[in-house]
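Dear colleague,

I am handing over a structure that will be new to you, and it is shown just below. After it come my notes on what was found.

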Amino acid sequence: MAQDFQIDCVIIPVTPFQQNCSLLWCKETMRGAVVDPGGDVDRIMDAIRTRGVTVEKILITHAHVDHAGGAADLAERLGVPIEGPQREDQFWIDRIQTSAAEYRIPNCRAFTPTRWLEDGDKVTVGNLEFDVRHVPGHTPGHVVFFDAADRLAFVGDTLFQGSIGRTDFPRGDHQALLDAIVAKLWPMGDDVTFVPGHGAASTIGRERATNPYVADKVLGRS
């Protein structure tokens with residue numbers, strides 16, 4: 001990342017789904033957060049120790065097991081709060097153990113977020129500030145975290161390089177996801193880099209130009 005950016009992060013692939021758990025931190029304070037600890041908590045703890053980060057909190061974009069299954073365990077080990085997702089994902093939190101058994105992801109259990117998040121909320125990590133945007137569709141309570149100063153967003157399973165989130169799960173909504181991407185992600189700016197829940201990072205501008213589901217030309221916006 002650019003030298004003048006205040007944020008740094010490392011991606012830690014977890015669970016059989018290779019979900020992009022992110023350890024992010026403020027370079028000025030070395031205080032950080034873990035985004036979407038879906039499992040493999042020992043691996044996450046090793047990354048925290050290796051980088052010398054003091055984790056302040058856990059951030060959850062949505063409550064599918066591969067994103068939230070390890071949150072309770074990690075929160076207990078670190079003694080930190082869990083912030084997110086939006087409260088409409090409560091039913092997915094309640095199903096974490098059932099989902100974990102189905103996909104054979106060990107040591108997962110439900111939790112109660114310390115703080116439910118809503119559209120327009122702010123989340124702080126060290127000297128960093130993230131805007132919270134509610135982006136339903138993949139799940140009804142999905143949120144994203146946007147660091148406007150550093151032009152970086154953590155978007156969970158809303159948008160991917162060349163794709164978008166699945167909407168065939170309970171309470172998924174394809175049109176709601178398309179609408180939310182256009183209304184909540186595109187205004188971040190074409191120069192914004194985003195970390196998706198799976199796969200490689202991309203930029204808003206690249207997806208607006210080339211994404212086969214939500215490019216401007218596909219949606220009739222060009």
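**The sheet and what surrounds it**

Six strands form an open sheet with mixed pairing, in the order S6-S7-S8-S9-S12-S13, where strands (E, at least two residues) and helices (H or I, at least four) are DSSP runs numbered from the N terminus, and two strands pair if DSSP finds at least two bridges between them. At the edges of this sheet lie S6 and strand S13 (202-203), each of which pairs on one side only. Please keep in mind that this is a predicted model, in which local features need pLDDT of at least 70 and side-chain atom pairs count only at pLDDT 80 or more, while totals for chains, interfaces and linings use all residues. Residues are numbered from 1 along each chain as its sequence is written, and side-chain values use heavy atoms, with hydrogens and water left out.

Strands S6 and S7 run antiparallel and are joined by four bridges, with Lys122 having Asp131 of S7 as its bridge partner. Their hairpin has two residues between the strands, and Gly126 in that hairpin takes a positive phi near 55°. The side chains of S6 alternate, so that Val123 and Val125 point to one face and are buried, whereas Lys122 and Thr124 point to the other and are not; buried means under 20% relative accessible area, exposed over 50%, and partly exposed in between (1.4 Å probe, protein chains only). On its way through the sheet, strand S7 (residues 128-134) is also joined by four bridges to strand S8 (residues 143-147), again in an antiparallel arrangement, and Arg133 has Val144 in S8 as its bridge partner.

The loop between helix H5 (96-103) and strand S6 (122-125) holds Arg104, and Asn107 lies in that loop as well. Arg104 has a positive phi of about 60° although it is not a glycine, and Asn107 likewise has a positive phi of about 60° without being a glycine. Arg104 counts as exposed because its relative accessibility is 76%, and Asn107 counts as exposed because its value is 62%.

In the loop between S5 and H4 lies Pro85, which is joined to Gly84 by a cis peptide bond with omega of about 0°. Asp89 belongs to the loop between strand S5 (82-83) and helix H4 (90-94). Leaving aside neighbours within four places in sequence, Asp89 is in contact (heavy atoms within 4.5 Å) with residues including His62, Thr139 and His142.

Best regards
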